[in-house]
Amino acid sequence: MAQPHDLYFFVVPPSHIALRVVGLLNALGLPPCPLHGAPMRVEGLHITVEKMGRFLDRVPGCQLELAMEAARTVVAEPFDIHLDVVQSTMGRDGKSMAQLTGRAAGLRGIRDFEHCLAQAMRRVGFQESQIRRSFSPHVTLDYQHMPFARRAIAPVAWRVSEFMLVDSLYGLGEHVVLGRWPLVSRQQAFDW
């Protein structure tokens, strides 16, 4: 059977934040689904910014080249992200998932970055169908979780200073990083 590959641009929390996030559901008294639930592993935590498609066996070279070109042309500064809401949502498969997300002000930076990345993708020739029409930034905590009421939590925050292009091996929870690009401040530092 052919292995599906998802091509993503995403950002990840630093390791000390990821360690805190991975234990968040248990700390809130929200255990996983008894039969199938399992929290995400520390190394799997991320926010998908753009998903360019699912491909069987491998990502086509032309798609990979376009993605690399788009990434090289992105001009964006580092930004802060504040996630302060835990919620359950229904996935396309009808199963409830647990997510960490935030309110408008805490998501402004990542929304601006997604817009910048989408513009770069358009410039290099990505089809509109490969670019998000809407963006709900979140970190998936568990892909199968008992539904629960949305709740506010103490903010989980970090400064995003790079983004990655990833080949995600669908169903295996494995992310192969194909490239990393820094977000660079345009403001110069002066040595007085």
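What is the handedness of the crossing of helix 3 and helix 4? In this predicted model, the crossing of these two helices is right-handed. Helix 3 spans residues 61-73 and helix 4 spans residues 104-124; the two pack at an angle of about 125°, and their axes are 8 Å apart. Angles from 0 to 180 degrees that are neither roughly parallel, roughly antiparallel nor roughly perpendicular count as oblique, and helix 3 and helix 4 are therefore oblique to each other. On the side of helix 3, the contact is made by Leu66, Glu69, Ala70 and Thr73, which meet Ala120, Met121, Arg123 and Val124 of helix 4. By character, the residues of this contact divide into five nonpolar, one polar and two charged.

One open sheet of the model consists of four strands in the order 2-1-7-8, paired in the antiparallel sense. Its edges are formed by strand 2 (47-56) and strand 8 (174-182); each has a single partner strand, so one side of each is left without a neighbour in the sheet. From one strand to the next, the twist averages 20°. Strand 7 (residues 162-169) runs antiparallel to strand 8, and eight bridges join the two. Within this pairing, Glu162 stands opposite Pro182 of strand 8, and Leu165 stands opposite Gly179 of strand 8. Strand 7 and strand 8 also form a hairpin in which four residues lie between the strands. In the turn of this hairpin, Gly171 has a positive phi of about 85°.

Both helices of the pair described above also contact this sheet. Helix 3 lies across strand 1 (4-11), strand 2, strand 7 and strand 8, and runs at about 35° to strand 8. Helix 4 packs on the sheet as well, touching strand 1, strand 2 and strand 7, with a direction that makes about 40° with that of strand 2.

Another open sheet of four strands has the order 5-4-3-6, again with antiparallel pairing. Here strand 5 (139-142) and strand 6 (151-160) stand at the edges; each is paired with a single partner strand, so one side of each has no neighbour in the sheet. The twist in this sheet averages 35° from one strand to the next. Three bridges support the antiparallel pairing of strand 4 (residues 96-101) with strand 5, where Gln99 stands opposite Thr140 of strand 5. Helix 1 (residues 15-22) packs on this sheet and touches strand 4, strand 5 and strand 6. The direction of helix 1 makes about 160° with that of strand 6. Helix 4 likewise packs on the sheet, touching strand 3 (79-90) and strand 4, and its direction makes about 95° with that of strand 3. Helix 4 thus touches strands of the 5-4-3-6 sheet and of the 2-1-7-8 sheet.

Aromatic contacts were also examined. A search of the whole structure finds five aromatic pairs. One aromatic cluster is formed by Phe9, Phe79, Phe113, Phe163 and Trp181.

Key. Residues are numbered from 1 along each chain as its sequence is written. This is a predicted model: local features need pLDDT of at least 70, side-chain atom pairs count only at pLDDT 80 or more; totals for chains, interfaces and linings use all residues. Side-chain values use heavy atoms; hydrogens and water are left out. Axes are lines fitted to C-alpha atoms, for helices over the stretch in contact, and angles run from 0 to 180 degrees between N-to-C directions. Angles under 35 degrees count as roughly parallel, over 145 as roughly antiparallel, 65 to 115 as roughly perpendicular and the rest as oblique. A crossing is left-handed if the near helix is turned anticlockwise from the far one by less than a right angle, and right-handed if clockwise. Contact means heavy atoms within 4.5 Å. Ala, Val, Leu, Ile, Met, Phe, Trp, Tyr, Cys and Pro count as nonpolar, Asp, Glu, Lys and Arg as charged, and the others, Gly among them, as polar. Two strands pair if DSSP finds at least two bridges between them. Rings of Phe, Tyr and Trp (its six-membered ring) pair if their centres lie within 6.5 Å; planes under 30 degrees apart count as stacked, over 60 as edge-to-face and the rest as tilted.
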